Each structure stands twice: as structure tokens, then as C-alpha cells.
Amino acid sequence: MLSSSQGKLVRNGEEKKAVICIEGNIASGKTTCLEYFSKTNNIEVLTEPVSKWRNVRGHNPLGLMYQDPTRWGLTLQTYIQLTMLDRHLSPTSAPVRMMERSIYSAKNIFVENLFKSGKMPEVDFAVLSEWFDWITHNIAIPVDLIVYLQTSPHTCFERLKDRCREEEKVIPMEYLEAIHKLYEDWLINQTTFPLPAPVLVISADHDRQKMLHQYEENREKILAASHV
Ligand code: TTP
Ligand code: MG
């Protein structure tokens with residue numbers, strides 16, 4: 001249930017829980033990171049609703065967007081914004097909640113990229129921005145820590161090829177470079193959008209074994225977010 005606090009809608013009982021968002025480029029290893037921490041007691045992991053983006057009542061907005069971003073960008077991003085909001089507001093029982101991405105990166109990275117690259121009409125960008133501003137002004141979406149998996153676009157390109165998600169076969173290197181630049185400007189250079197939380201950077205170009213090792217090394221720092 002939602003109640004009102006300081007003018008914003010707040011999910012009851014969620015104020016004391018820590019929220020950690022895992023961020024990074026496409027195929028940077030977010031799901032692997034979440035799977036690793038899902039084995040920890042007291043952490044509840046929410047994976048990204050990407051399966052919904054590939055199938056909403058039998059339609060595939062993710063696939064449509066990659067085929068024709070100008071026509072379908074608004075459709076996909078409207079639905080992603082809804083599913084991310086739903087994730088942020090969903091009740092959890094554990095004291096720490098870890099989630100893949102956030103409503104903030106969907107807007108600040110992906111919507112921004114569609115618009116800046118000339119693929120999204122200005123009116124679509126305006127409507128999405130109005131929605132985003134309304135949501136973030138009227139609903140409390142607390143985040144305590146952002147874990148940024150920092151990769152080179154090249155690493156992501158190689159991982160994308162290995163993973164072979166059908167819709168993503170059309171993604172060129174330039175797309176990953178653009179997403180990377182937007183992430184760096186947001187989370188590292190801090191020249192674009194306000195940060196919703198402090199950022200912990202983990203370099204993520206390494207193989208799986210080394211990545212798991214690094215997650216373990218950073219465990220304390222990550223869980224420190226739950227003591228705020
Ligand atoms: P990611 O959110 O990067 O998820 P992933 O599973 O690919 O990442 P990882 O390997 O690190 O776990 O992207 C999922 C797909 O959705 C990808 O094709 C990019 C696309 N996408 C958008 O087009 N717009 C958005 O706002 C978001 C969040 C994703
Ligand atoms: Mg994933």
C-alpha cells in the first residue's frame with residue numbers, strides 16, 4: 001500500500017530497507033552480479049523485467065525498437081518505465097534489496113540516447129520526460145547505493161555476440177559506445193543528471209572467475225549501504 005510522506009507517495013514499511021541498484025552497459029554482467037549476491041541471506045534480488053519487454057500480451061516491443069527505433073522507441077521506453085516503477089515499488093521481505101538497473105538509467109541513459117542520436121522525435125521525448133518528472137516528484141524511489149560495473153564497450157560487444165539474444169543482433173559497436181559515454185558522464189564525470197545515490201565503481205572487463213572474486217572483495221562496501 002502507498003501512503004503519503006512529505007508530499008510523496010511512499011510504500012509502507014520500506015523506509016528502513018536498503019536499496020542497491022546494479023548499473024552498467026548492456027552485457028556488462030549485471031545479472032551475473034545479482035545471481036552471485038542472491039545466495040546471501042538477507043539480500044533479496046530483483047532481476048530486470050527484460051522478459052516482459054520481449055513479450056507484452058504477445059508483442060515484442062524490444063525487438064520492434066531495434067528494428068525501427070524512431071517508430072517504437074516511445075512504446076518500449078514507456079513500458080520499461082512502468083516495469084521499472086513496478087520493481088521499485090514491489091514489496092520485499094529482506095532488509096536489503098538489490099536490483100538490476102533503475103528507473104533512473106532507463107531515462108538518463110536509454111531515452112536520452114534515443115533522443116540525442118536523432119532517433120526519437122522531440123514530442124516523444126517530451127512526453128516521456130513529463131512522465132518521468134511526474135513519477136520522481138510524486139513517488140519516493142529511494143536508492144542507497146549504485147554499483148557501477150564499468151566496462152569497455154568492446155568487452156560488452158564480445159559478450160553480446162556470445163550471448164546471442166535474437167533482438168540484439170543488430171546492435172553495432174557505436175551503440176555500446178554511446179551508452180558507455182552516457183554512463184560515464186552520469187556516474188563518473190557527474191556532468192549530466194543528479195545522482196540518486198553514491199556510486200561504487202567495480203571494473204568489470206575481467207572473466208567470470210575474476211569478477212566473482214571482485215564481488216566478494218567488495219561485499220562489505222556494498223552491504224555497508226544497509227547501515228545508512
Ligand atoms: P540490459 O538492461 O543492459 O540488461 P542485460 O541483461 O543485457 O545486461 P547484463 O548482461 O549486464 O545483465 O539490457 C536489456 C536490453 O534492453 C538491451 O537490449 C538494452 C535494452 N534496453 C533499452 O532498450 N532501453 C532501456 O531503457 C533499458 C533499461 C534496456
Ligand atoms: Mg541482465
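A residue is called buried here if 20 or more other C-beta atoms lie within 10 Å of its own. The views below are taken from a predicted model.

**View 1. Strand 6 and the burial of its residues.**
Strand 6 spans residues 145–150, and 6 of its 6 residues are buried, so the strand is largely enclosed by the rest of the structure. Leu145, Val147 and Leu149 point one way from the strand, whereas Ile146, Tyr148 and Gln150 point the other way. Residues of both groups are buried.

**View 2. Pairing of strand 6 with strand 3.**
Strand 3, made up of residues 18–24, runs parallel to strand 6, and 5 bridges join the two. Within this pairing, glutamate 23 stands opposite tyrosine 148 of strand 6.

**View 3. Pairing of strand 6 with strand 7.**
Strand 7 comprises residues 199–203 and pairs with strand 6 in the parallel sense over 5 bridges. Isoleucine 146 has valine 199, in strand 7, as its bridge partner.

**View 4. The open sheet of 5 strands.**
The strands are arranged in the order 4-5-3-6-7, with parallel pairing. Strand 4 (43–46) and strand 7 stand at the edges, each with a single partner strand, so one side of each is left without a neighbour in the sheet. On average, neighbouring strands of this sheet are turned by 20° against each other, direction ignored.

**View 5. Pairing of strand 4 with strand 5.**
Strand 5 consists of residues 96–100 and runs parallel to strand 4, to which 4 bridges join it. Glutamate 44 stands opposite arginine 97 of strand 5.

Conventions
Residues numbered from 1 in each chain as written. Chains lettered and ligands numbered in written order. Predicted model: local features only at pLDDT ≥ 70, side-chain atom pairs only at ≥ 80, totals over all residues. Buried ≥ 20, exposed ≤ 12 C-beta atoms within 10 Å, placed from the backbone. Pairing = 2+ DSSP bridges. Axes fitted to C-alpha atoms, helices over the stretch in contact; angles between N-to-C directions.
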